[in-house]
Amino acid sequence: MRHYRKELWFQIKSRRGFVNITSDIEAELLESGIKEGLLLCNAMHITASVFINDDESGLHQDFEQWLEGLAPERPHSRYRHNTGEDNGDAHLKRTIMGREVVVAVTGGKLDLGPWEQVFYGEFDGMRKKRVLIKIIGE
């Protein structure tokens, strides 16, 4: 069995945002040379997420509104975590959206459904954060 590891770095210019990273992951899969196996992609920061869904701007706006309803950023004083930080909401949003995805690799391609895309979700941006790609297989 072979393995491949790569880190992607992101710096979102706003506090929150979603980035389609499917093509970045596909490029790393091609670089790995692995044709059959599994690809793990996970956020390496507790206030960021990797998830699979549709690449539709209305849906992304719905995510933003829904997450803000569940864990509003303000008032910062509502979170016990916010002692010296103001990102208590970002930790909760990450928990809701998830840490990672695992995608089957078949014939050297990501085995995604017809509308599925992989996204990096940022909930406490404006600083560099990384995403791990780990591919195992043959």
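**Questions on a predicted model**

Trainee: Leaving aside its neighbours within four places in sequence, which residues is T22 in contact with?
Mentor: Keep in mind that this is a predicted model. Contact means heavy atoms within 4.5 Å. With neighbours within four places set aside, the residues touching T22 are L110, L112, Q117 and V118.

Trainee: Does T22 count as buried or exposed?
Mentor: T22 lies in helix α1, which covers residues 22-32. The cut-off for buried is under 20% relative accessible area. T22 has a relative accessibility of 4%, so T22 counts as buried.

Trainee: How many helices and strands does the protein chain have?
Mentor: Read the elements from the N terminus on: β-β-α-β-β-α-α-β-β-β-β. Counting each kind in the protein chain gives 3 helices and 8 strands.

Trainee: What is the radius of gyration of the protein chain, and what would a compact globule have?
Mentor: Along the principal axes, the C-alpha atoms fill a box of roughly 50 × 30 × 20 Å. The chain has 138 residues, so a compact globule would have a radius of gyration near 14 Å. The value for the protein chain agrees with this, at 16 Å.

Trainee: What share of the contacts with a separation of 6 or more comes from residues 24 or more positions apart?
Mentor: G17 and H60 give one example of distance along the chain: they are 43 residues apart, and their C-alpha atoms are separated by 8.7 Å. That is a C-alpha separation, whereas contact is judged on heavy atoms within 4.5 Å. For the protein chain, the share from residues 24 or more positions apart is 84%.

Trainee: Is G17 buried or exposed?
Mentor: G17 is found in strand β2, residues 17-20. Beyond its neighbours within four places in sequence, G17 touches I12, Y120, G121 and E122. Buried needs under 20%. G17 has 17% relative accessibility, so G17 is buried.

Trainee: Which side chains make polar contacts with the side chain of E73?
Mentor: E73 is found in the loop between α2 (57-70) and α3 (88-97). Its relative accessible area is 12%, so E73 is buried. One polar contact of its side chain has a distance of 3.4 Å, and another has 3.2 Å. The partners are, in that order, R15 and R16.

Trainee: Which residue follows R74 across a cis peptide bond?
Mentor: Look in the loop between α2 and α3. The peptide bond in question has an omega of about 0 degrees. It joins R74 to P75.

Trainee: What covers the buried residues of α3?
Mentor: The buried residues in α3 are G88, D89, A90, K93, R94 and M97. Two of them, D89 and K93, are also in contact with E73. The cover for the buried residues of α3 includes β3 (37-43), β4 (48-53) and α2.

Trainee: Which residue has a positive phi although it is not a glycine?
Mentor: For contrast, G98 follows α3 and has a positive phi near 95 degrees. The residue you ask about is in the loop between β7 (117-122) and β8 (129-137). Its phi is about 80 degrees, and its name is M126.

Trainee: How far apart do the centres of the positive and negative side chains lie?
Mentor: The protein chain has 19 positive and 22 negative side chains. Each set has a centre, and the two centres lie apart by 7 Å.

Notes
Residues numbered from 1 in each chain as written. Predicted model: local features only at pLDDT ≥ 70, side-chain atom pairs only at ≥ 80, totals over all residues. Heavy atoms only, no water. Helix = DSSP H or I, 4+ residues; strand = E, 2+ residues; numbered from the N terminus. Rg over C-alpha atoms; globule rule 2.2 N^0.38 Å. Lys, Arg positive; Asp, Glu negative; His and termini not counted. Charge placed at Lys NZ, Arg CZ, Asp CG, Glu CD. Buried < 20%, exposed > 50% of the residue type's maximum accessible area, 1.4 Å probe, protein only. Polar contact = N/O pair within 3.5 Å; in protein donor to acceptor, adjacent residues only side chain to side chain.
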